[in-house]
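Student: I am new to this structure. Please take me closely through one part, its strands and how they pair, and then show me what lies around it.

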Amino acid sequence: MSLLKKSLIAPSLAIFLATNLYSANYTVDTTNATKAIEKISELSNIPFIVDTNILNGKNTNKIQNVQNLDEALKLMFEGTGLEAVVKNNTIVIKKIEGKGTVLEPISVNESYKNGSSENGYLSEDITGVGLWGKRSLQDTPYSMSVIPQELIENVQAKDMNQIFKMNPTTQETGQMLTGLGDAQWVTIRGFEVNNPIINGIPYSTKWASTPMMQDIERVEIINGATGFLYGGGRVGGAVNYITKKPTTEDLRNISIGSYGNESYYTHLDLGGQFDDNHTFGYRINALYQNGELSNESDKEQKAISLVFDWKPTDNFYTDIKYSYKNSLEKGGNFYFRSISDRKAINKSKGFSPDWIQDELKLNKVENNTNWNINDTFTLRTSLMYEKSKSRGSDINAGVRDNTVISSLSSWDTYIWKGAWQETENYGGNIFLDSNFDTLNVNHNLTIGYSMNSRKHSTREDDGHFYRFNGNVSLNDIKNLVEPDWDSFGSMGTKPLKPSTKSEYQNILIGDDITFNDQWSALVGANYATVIDKSYRTNTKYDESKLTPTLSLIFKPFEELTTYTTYIESLEAGTIVGDRYKNEGQILAPYKSKQYEIGGKYTLNEKILLNGAIFRIEKANEYEKDTTPKLTLTQDGEEIHQGIELGITGKVTDNLTIIAGGTLIDLSVEKVEDKALEGKKPINAASKMAKLYSEYEISQIKGLAITGGAYYTGKSYGDRSNKDVLPNYTLYDAGLRYKTKLDKYPTTFNLNVQNLTDEVYWTRNNMLGDPRSVAFSMKMEF
């Protein structure tokens, strides 16, 4: 603009500004909808209000030197299906009536840009962490990974083991909980994590189940202690499963496929709105799976989830969800109680006969509500109740020279068969957010309460142990004849009685403080209470502690976030199970501490680079060698310190990479048993390096080649570190082809997992999955 034009316009502007406070010079150079609206709110110095769900996956238009707020908002949101207007000195962003989410031609997934393959599986935000509400992934001061639904679908993960295998900061661990749930366990930062979080509500113990894989919208993995956030029980990290919600546009998907061998499945995914005003929505996911898997176990699963939501205004959202799962697995649950030579095992497979079974029947109800009361206050609540019936059997085997040793003289080998038992899990939270300014410092202050509880009921005749006579070849154990269980006495005839109960209660306060564009902080405290009770031994403890957290965040420029975080966590002591001599004992609770320094850098809005260094201090728990069974006890302290690095996103227009590594120094210190001083904890690898990539073939539209290489370093199977679990590298390879059959978008997937059929140990008593060839076809109607 020339000087003459400026001199002529300036008086007019002065008059205009006197009547319109929203005039300025607006330049927004980001296309991320959330960041864009935050930027224009900052430039105009007026607040905004929006249901953040409608911003998911949205890209706005860049603007430059627009001199009126109304015009700037119009240009930014043009073509997005949203509109932004100024009402009562507030920017209000809402969906244009009658308009749907802007869709990519081949898909009707409303969040296709956020976590999709087209976006390199990069998620720009998270649903929330503990009491902290929804926020940008880059600006969250914890080391995190977000696994979107499309990645889970494209790699054909039959369970979370495939995801934990691929993720650079998680170690596939396996699950060894017979008849008490199907939640897969994982090792993060050298600590085993086995009690999940579902839709932000944590489970108090590992006796839990997770949603069917087809109902998962995303998985948010937090590395490190999360006791302040979720109430304890997760020293190494947390896994939060976010399930699918109703869609704004009609969704009609059907998938058929196989997880390998003869395990076939059909999945139906339906979603949409009942009315033109988008007030009532629904989502239905149904699955049927049946057949023999690649490890020679046989699994049948029937599951359904129903979600209905109600949105009477732009400021209020509530939903109700019902889930049902019925699963039966045969030929699994084989555990190596001891083994003389791990290298002698030359095939990863199930060794159990078909009469070794695990059965689960589960019903669950959930509710989530979000109410933006006014410009200052927001109320968030979540509730959950789950009841499951389950029973199971397993084989614990002492193996010498590929022979299962007779168990009459010891407990090295035995078979367990359990009766039906019941587990009730329930929990909820209520958080009140208040947004206000003090002396040019912005506060988003949250106060709240959360709790989660698990009650387990068993019978006096809850099961039988069987020890057989004579050694049996490991490969012949599958042909073992089922014993006559009736000859052992009654089983499952007595009434159910409470056995154990675990509960966490948390009173929380946290302040998300923004000092300026560069400096911010998260400050909070949790008055945490842990209650554990054993009805059988009539023992109980009820202990409370104040666990604080502090995160200091510095953004030298928009694309880079650095942070320092300190967090404490109150952890419940283990209720010792029937595998141990001291069954029923409740070990003492303990408080863990974590220090972390990290950074996240967004490159060209297509790639996220992240790194963190950390130190965790936790009480050491271990198995003491006693007869006839082991004793579970505590002694000393575990110190885990290390570094994590990662990259996620589109490196080029055709190449996607998810890669990274973890290096940890693990040690046990301050122990009374000096033989354990300086030893490594069991089942924890100190080195991991992983790479998953996809390359789209330009010459053949819709075709992509996929593959991965995942290295896990050695770990130890005993506390003395004499039993070495060898390092291993797993390889995957696959093809994906997107096309249209008639007018219907269709995706074909082929994946070979564990390409070289590597025999590897996920923990000291369990083998990983053998090679499998999975395929699927998904059609969108």
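Tutor: Start with a term. Two strands count as paired if DSSP finds at least two bridges between them. Strands of a sheet pair through backbone hydrogen bonds, either parallel or antiparallel. Keep in mind that this model is predicted.

Now the close look. Strand β12 covers residues 197–198, and 2 bridges join β12 to β13. The two strands run antiparallel. Take I197 as a landmark: its bridge partner in β13 is P202.

This pair belongs to an open sheet of 5 strands. Read across it, and the order is β8-β14-β15-β12-β13. The pairing in this sheet is mixed. Which strands stand at the edges? They are β8, residues 144–148, and β13, residues 201–202. Each has a single partner strand, so one side of each is left without a neighbour in the sheet.

Go next to N167. It sits in the loop between α5 (160–166) and β9 (170–172). Is N167 buried or exposed? Its relative accessibility is 5%, so N167 counts as buried, the cut-off being under 20%. Which residues does N167 touch, leaving aside neighbours within four places in sequence? The contacts are S145, I147, I221 and K690.

The loop of N167 leads on to β9. Strand β9 is part of an open sheet of 3 strands, in the order β9-β10-β11. Here the pairing is antiparallel. The edge strands are β9 and β11 (191–193), and each pairs on one side only. From one strand to the next, the twist averages 35 degrees. Look at one pairing inside this sheet. Strand β10 spans residues 186–188, and β9 and β10 are joined over 3 bridges. One bridge links E172 to V186 in β10.

For a further set of strands, move along the chain to β31. Strand β31 covers residues 519–534, and strand β32 covers residues 539–557. How many bridges pair them? There are 16, in the antiparallel sense. A528 has K545 in β32 as its bridge partner. The hairpin of β31 and β32 has 4 residues between the strands. In that hairpin, N538 takes a positive phi near 55 degrees.

Strand β32 also pairs with β33, residues 560–571. This pairing is antiparallel too, over 7 bridges. L552 has T564 in β33 as its bridge partner. Another hairpin makes the link, joining β32 to β33 through 2 residues.

Now turn to a loop and a surface patch. E672 lies in the loop between β37 (655–669) and β38 (687–696). At 72% relative accessibility, E672 counts as exposed, because the cut-off is over 50%. What is the C-alpha to C-alpha distance between E672 and G636? The distance is 6.9 Å, although the two are 36 residues apart in sequence.

Last, find L750 in strand β43, residues 744–753. L750 has a relative accessible area of 36%, so it is partly exposed. L750 also belongs to a nonpolar patch on the surface. The other members are Y264, Y695, I705, L735, V773 and F775. Together, the patch residues have about 620 Å² of accessible area.

To recap the part we began with: β13 is an edge strand, and P202 in β13 is the bridge partner of I197.

Technical notes:
Residues are numbered from 1 along each chain as its sequence is written. This is a predicted model: local features need pLDDT of at least 70, side-chain atom pairs count only at pLDDT 80 or more; totals for chains, interfaces and linings use all residues. Side-chain values use heavy atoms; hydrogens and water are left out. Patches are made of residues with over 30% relative accessible area and no salt bridge: like charges are joined within 9 Å, nonpolar side chains (Val, Leu, Ile, Met, Phe, Trp, Tyr) within 5 Å. Accessible areas come from the Shrake-Rupley method with a 1.4 Å probe; for residues, only the protein chains shown count as cover. A salt bridge is a side-chain nitrogen of Lys or Arg within 4 Å of a carboxyl oxygen of Asp or Glu. Buried means under 20% relative accessible area, exposed over 50%, partly exposed in between (1.4 Å probe, protein chains only). Contact means heavy atoms within 4.5 Å. Axes are lines fitted to C-alpha atoms, for helices over the stretch in contact, and angles run from 0 to 180 degrees between N-to-C directions.
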